[in-house]
Amino acid sequence: DLPLVGIGSLVMRVPRVRLVGFHIARLPLREFDAGVINLDNLRLGIDFILGIHAFEGYRLQFDFTEGRLYLLTM
């Protein structure tokens with residue numbers, strides 16, 4: 001299992017999976033461990049959330065005005 005911490009929440013222990021071959025657009029992400037948790041009760045249409053470890057090797061740039069996230073290679 002994997003410890004999972006949200007903003008302002010307690011630590012939860014969730015099942016762990018290893019993601020391999022995952023891409024954002026055309027950019028490959030390194031292998032990383034992810035926690036599995038059911039978000040259906042939030043009723044937000046969220047399928048998954050990626051944590052900071054998924055973006056290792058990239059720099060994230062947020063454009064809040066345009067509502068965009070950019071992945072920049074380091």
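Here are some questions and answers about this predicted model.

Q: How many aromatic pairs does a search of the whole structure find?
A: Rings count as a pair if their centres lie within 6.5 Å. Phe62 and Phe64 form one such pair, with 5.7 Å from centre to centre. Searching the whole structure gives a total of two.

Q: Is the pair of Phe22 and Phe32 stacked or edge-to-face?
A: Planes under 30 degrees apart count as stacked, and those over 60 as edge-to-face. The ring centres of Phe22 and Phe32 are 6.2 Å apart and the planes sit at 85°, so this pair is edge-to-face.

Q: How many residues apart are Phe22 and Phe32?
A: This pair ties together distant parts of the chain. Phe22 is in the loop between β3 (16-19) and β4 (23-24), while Phe32 belongs to strand β6 (residues 32-35). The separation is ten residues.

Q: Is Phe32 buried or exposed?
A: Buried means under 20% relative accessible area. Phe22, its ring partner, has 24% and is partly exposed. Phe32 has 5% relative accessibility, so Phe32 counts as buried.

Q: Along β6, which side chains point to one face and are buried?
A: In a regular strand, side chains alternate between the two faces of the sheet. Along β6, Asp33 and Gly35 point to one face and are not buried. Pointing to the other face, and buried, are Phe32 and Ala34.

Q: What is the bridge partner of Leu19 in β6?
A: β3 and β6 pair in the antiparallel sense, over four bridges. In β6, Leu19 has as its bridge partner Phe32.

Q: How many residues make up the largest nonpolar core?
A: Two members come from β6, where Phe32 and Ala34 are buried. The core also includes Leu29, Ala54, Phe55, Tyr58 and Leu71. Tyr58 touches Leu29 and Leu71, among others. The core's full count is seven.

Q: Are Phe62 and Phe64 stacked or edge-to-face?
A: Both Phe62 and Phe64 are exposed. Their planes are 10° apart, and the cut-off for stacking is under 30 degrees. That makes the pair stacked.

Q: Which element gives the largest share of the lining of the largest pocket?
A: The largest pocket has a volume of about 860 Å³ and a lining of 29 residues, with Gly35 among those nearest its centre. Elements giving two or more residues to this lining are β1 (2-4), β3 and β6. The largest share, four residues, comes from β6.

Definitions and conventions. Residues are numbered from 1 along each chain as its sequence is written. This is a predicted model: local features need pLDDT of at least 70, side-chain atom pairs count only at pLDDT 80 or more; totals for chains, interfaces and linings use all residues. Side-chain values use heavy atoms; hydrogens and water are left out. Rings of Phe, Tyr and Trp (its six-membered ring) pair if their centres lie within 6.5 Å; planes under 30 degrees apart count as stacked, over 60 as edge-to-face and the rest as tilted. Buried means under 20% relative accessible area, exposed over 50%, partly exposed in between (1.4 Å probe, protein chains only). Two strands pair if DSSP finds at least two bridges between them. A nonpolar core is a set of buried Ala, Val, Leu, Ile, Met, Phe, Trp, Tyr and Cys residues joined through side-chain atoms within 4.5 Å. Contact means heavy atoms within 4.5 Å. On a 1 Å grid over the protein atoms alone, a cavity is a set of points where a 1.4 Å probe fits but cannot get out, and a pocket is an open set with protein on both sides within 12 Å along at least five of seven lines; lining residues have an atom within 4 Å of a point. Grid points are joined across faces, edges and corners, and a volume is the space filled by probe spheres set on the points. Lists of a residue's contacts leave out its neighbours within four places in sequence.
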